[in-house]
Amino acid sequence: MPQKSNLKKLTRRGVRELDVKINFLEGIVKRDPGYVEALQILGDHYTQRGRFEHSLKVDQQLSQLEPSNPLVFYNLACSHSLNGEFDDAVSALEKAISLGYRDFKWLTKDPDLRRLRKHPLYRLIQDKIRKMKVKVT
């Protein structure tokens with residue numbers, strides 16, 4: 001499953017190509033709303049395009065389709081963070097960790113979680129990781 005990608009400046013051509021990919025994937029998902037792989041890619045493309053509210057909806061849909069997938073809940077946390085919904089981001093991260101998410105090094109530098117890491121609620125996640133006796137830089 002793709003992780004949410006870094007937000008990067010797109011060229012005009014890059015934006016156009018990304019929009020074509022998004023339109024294509026939206027068509028696929030409209031025909032098959034349970035197509036997990038297409039939803040994952042669509043959510044990633046929405047994030048790249050800065051369409052965070054759309055990415056959040058996709059990640060919420062994925063969390064219903066894949067309720068035991070830790071990466072789905074990690075990406076849901078990223079989407080909540082990008083939308084400024086920090087309570088929901090922490091809840092999704094806690095769920096991801098309880099389901100087995102363990103890439104704590106990435107969690108500490110993922111640009112999609114930058115705003116959450118500056119929020120006081122992020123300490124709940126840090127405390128949870130510390131109790132697991134995992135070193136986080």
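The following exercises, each with a worked solution, concern helix 1, the nonpolar core, the salt bridges and one loop residue of a predicted model.

Residues are numbered from 1 along each chain as its sequence is written, and side-chain values use heavy atoms, with hydrogens and water left out. As the model is predicted, local features need pLDDT of at least 70 and side-chain atom pairs count only at pLDDT 80 or more, whereas totals for chains, interfaces and linings use all residues.

**Exercise 1.** Determine the span of helix 1 and state which of its residues are buried.

*Solution.*
Step 1. Helices are DSSP runs (H or I, at least four residues), numbered from the N terminus. Helix 1 comprises residues 12-31, 20 residues in total.
Step 2. The distance from its first C-alpha to its last is 29 Å, close to the expected 28 Å. The expected span is 1.5 Å times one less than the number of residues.
Step 3. A residue is buried under 20% relative accessible area, exposed over 50%, and partly exposed in between (1.4 Å probe, protein chains only). The buried residues of helix 1 are Gly 14, Leu 18, Ile 22, Leu 25, Ile 28 and Val 29. These residues lie on the same side of helix 1 because they cover an arc of only 125 degrees around the axis, the arc being that of the directions from the helix axis to the C-beta atoms.
Step 4. The buried residues pack against helix 2 (36-49). On the face turned away from the buried side, the exposed residues include Arg 12, Arg 16, Phe 24 and Lys 30.

**Exercise 2.** Identify the residues that touch the most other members of the largest nonpolar core.

*Solution.*
Step 1. A nonpolar core is a set of buried Ala, Val, Leu, Ile, Met, Phe, Trp, Tyr and Cys residues joined through side-chain atoms within 4.5 Å.
Step 2. The largest such core has 36 residues, and Tyr 74, Leu 93, Leu 107, Leu 116 and Ile 125 touch the most other members. Among the helices that each supply at least two residues of this core are helix 4 (70-82), helix 5 (86-99) and helix 8 (122-131).
Step 3. Leu 93 serves as an example. Apart from neighbours within four places in sequence, Leu 93 is in contact (heavy atoms within 4.5 Å) with Tyr 74, Ala 77, Leu 107, Leu 113, Leu 116 and Ile 125.

**Exercise 3.** State how many salt bridges the structure holds, and describe the partners of Asp 19 and Asp 127.

*Solution.*
Step 1. Side chains of opposite charge can pair when their charged atoms come close. A salt bridge is a side-chain nitrogen of Lys or Arg within 4 Å of a carboxyl oxygen of Asp or Glu. The structure holds 4 salt bridges.
Step 2. Asp 19 pairs with Arg 49, the closest N and O atoms being 2.7 Å apart. Asp 19 lies in helix 1 and Arg 49 in helix 2, so the pair ties together parts that are 30 residues apart in sequence.
Step 3. Asp 127 pairs with Arg 130 at 3.0 Å, N to O. The two are 3 residues apart in helix 8, which means a separation of about one helical turn. Asp 127 is partly exposed at 36%, and Arg 130 is exposed at 52% relative accessibility.

**Exercise 4.** Decide whether Tyr 101 is buried or exposed, and locate this residue.

*Solution.*
Step 1. Tyr 101 lies in the loop between helix 5 and helix 6.
Step 2. Its relative accessibility is 5%, so Tyr 101 counts as buried.
Step 3. A polar atom of the Tyr 101 side chain lies 3.3 Å from the backbone oxygen of Asp 103.

Note on methods
A polar contact is a pair of N or O atoms within 3.5 Å; within protein, one must be able to donate a hydrogen and the other to accept it, and residues adjacent in sequence count only if both atoms are side-chain atoms.
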